[in-house]
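Please look over the sequence and the structure shown below before reading on. The report that follows takes up a few helices, a pocket and some single residues in turn.

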Amino acid sequence: YRYLRILDPTNAAPAAKAASKAIDLEGRADDAYVTLGVLEEKRGDYDAALPFFLKAIGINPRNAEAHRWAANIYRHRGSDLLNEYRMWKGAFDAAPVDSFYREAFASFLADRFGDYPQALDLVQQALQQKPQNKNLLWRSANLNQLLGRHEQAIHLYREIRVLQRRSPDALDAIGHSFTFLERLDEASASFQTAVAMSPFRPQSHGGLGAVYARQ
């Protein structure tokens with residue numbers, strides 16, 4: 001019923017009724033509380049939804065979905081980053097080999113929490129399973145660049161170019177890392193290749209201009 005509610009909101013009532021009955025019968029009560037929380041979240045009542053997810057976690061701390069939904073509620077609140085972190089970490093700890101939770105946690109760490117080293121560790125774990133995954137390679141390359149590991153970043157951006165030959169984004173990123181390393185001729189060549197590939201790309205022209213200014 002909860003899934004059917006996506007198509008027809010009138011299924012919310014049968015979903016709630018079934019979840020309540022499951023709780024009374026002690027049949028996967030944690031998942032039942034997640035259902036009740038999702039129903040409230042879909043109504044936009046985040047304050048009503050959160051206790052259901054926390055109840056599910058209290059019953060079963062290994063319920064990754066309960067942690068994930070709770071993290072999203074804390075995000076909607078906008079002022080409870082530490083609890084959002086705890087929920088995402090709880091989701092990952094509950095299912096550490098599940099790439100969905102691991103990559104979601106890494107995204108949170110990189111984009112919201114600012115913990116680049118921990119995010120990079122998670123991405124590197126994921127790359128061991130999916131070494132040719134372009135999204136993971138991009139994430140790893142960008143994190144290495146943010147951490148000032150420019151040689152490693154350049155290596156990864158070049159791996160991306162092997163998988164995606166026409167990628168001015170990767171060429172620009174390589175150019176920026178070469179600029180930070182003061183290898184200005186190589187930076188210029190990378191930006192120029194990006195300009196030749198995409199003549200109206202402002203980022204490439206801006207990067208090339210920065211190189212000329214330094215020279």
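## Helix H4 and its surroundings

The expected span of a helix is taken as 1.5 Å times one less than its number of residues. Because helix H4 has 14 residues, it should on this basis span 20 Å, and its end C-alpha atoms are indeed 20 Å apart, which agrees. The model discussed here is a predicted one, and the values in this report should be read with that in mind.

Helix H4 covers residues 64–77, and its buried residues are Ala64, Ala66, His67, Arg68, Trp69, Ala70, Ala71, Ile73 and Tyr74. The cover over these buried residues includes H2 and H3, together with helix H5 (81–94) and helix H6 (99–113).

Just before this helix, in the loop that joins helix H3 (46–59) to helix H4, lies Pro61. When neighbours within four places in sequence are left aside, Pro61 is in contact with His67 and Ala94, and His67 is itself one of the buried residues of H4. Pro61 and Ala213 are 152 residues apart along the chain, and their C-alpha atoms are separated by 56 Å.

## The largest pocket

Which residues line the largest pocket? The lining is made up of Arg2, Tyr3, Ala19, Ala22, Gly27, Arg28, Asp31, Ala32, Val34, Thr35 and Glu65. Two elements, helix H1 (12–24) and helix H2 (29–42), give two or more residues to this lining, and H2 gives the most, with four residues. The space in the largest pocket comes to about 210 Å³, and by class its lining has five nonpolar, two polar and four charged residues.

One of the lining residues, Arg28, lies in the loop between H1 and H2. With a relative accessible area of 64%, Arg28 counts as exposed, because a residue is called exposed when this value is over 50%. Arg28 also has a positive phi of about 50 degrees, although it is not a glycine.

## A second positive phi, at Glu182

A positive phi is found again at Glu182, which is not a glycine either and has a value of about 65 degrees. Glu182 is placed in the loop between H10 and H11. Is Glu182 exposed, partly exposed or buried? At 48% relative accessibility, Glu182 counts as partly exposed.

## Helix H12 and its buried face

Helix H12 takes in residues 202–214, and its 13 residues should span 18 Å at 1.5 Å a residue; the end C-alpha atoms are 19 Å apart, which agrees. Within H12, the residues Ser204, Gly207, Leu208 and Val211 are buried. Seen down the axis of the helix, the buried residues of H12 fall within an arc of 100 degrees, so they line one face of it. On the face of H12 that is turned away from this buried side are the exposed residues Pro202 and Ala213.

The cover over the buried residues of H12 includes helix H10 (168–180) and helix H11 (184–197). Ser204, which is found in H12, has a relative accessible area of 0% and is therefore buried. Apart from neighbours within four places in sequence, Ser204 is in contact with Asp172, Phe191, Ala194 and Val195.

## Two serines of helix H11

Ser188 has its place in helix H11, and its relative accessible area of 9% makes it buried, the cut-off being under 20%. Not counting residues up to four places away in sequence, Ser188 touches Leu208, Val211 and Tyr212; Leu208 and Val211 are among the buried residues of H12. The C-alpha atoms of Ser188 and Asn144 are separated by 21 Å, with these positions 44 residues apart along the chain.

Ser190 also lies in helix H11 and, at 7% relative accessibility, counts as buried. What does Ser190 touch, if residues up to four places away in sequence are not counted? The residues in question are Leu171, Ile174 and Gly175.

Terms used
Residues numbered from 1 in each chain as written. Predicted model: local features only at pLDDT ≥ 70, side-chain atom pairs only at ≥ 80, totals over all residues. Heavy atoms only, no water. Buried < 20%, exposed > 50% of the residue type's maximum accessible area, 1.4 Å probe, protein only. Arc of directions from axis to C-beta. Contact = heavy atoms within 4.5 Å. 1 Å grid on protein atoms, 1.4 Å probe; cavity = no way out; pocket = protein on both sides within 12 Å on 5 of 7 lines; lining within 4 Å. Points joined across faces, edges and corners; volume = space filled by probe spheres on them. Nonpolar A, V, L, I, M, F, W, Y, C, P; charged D, E, K, R; others polar.
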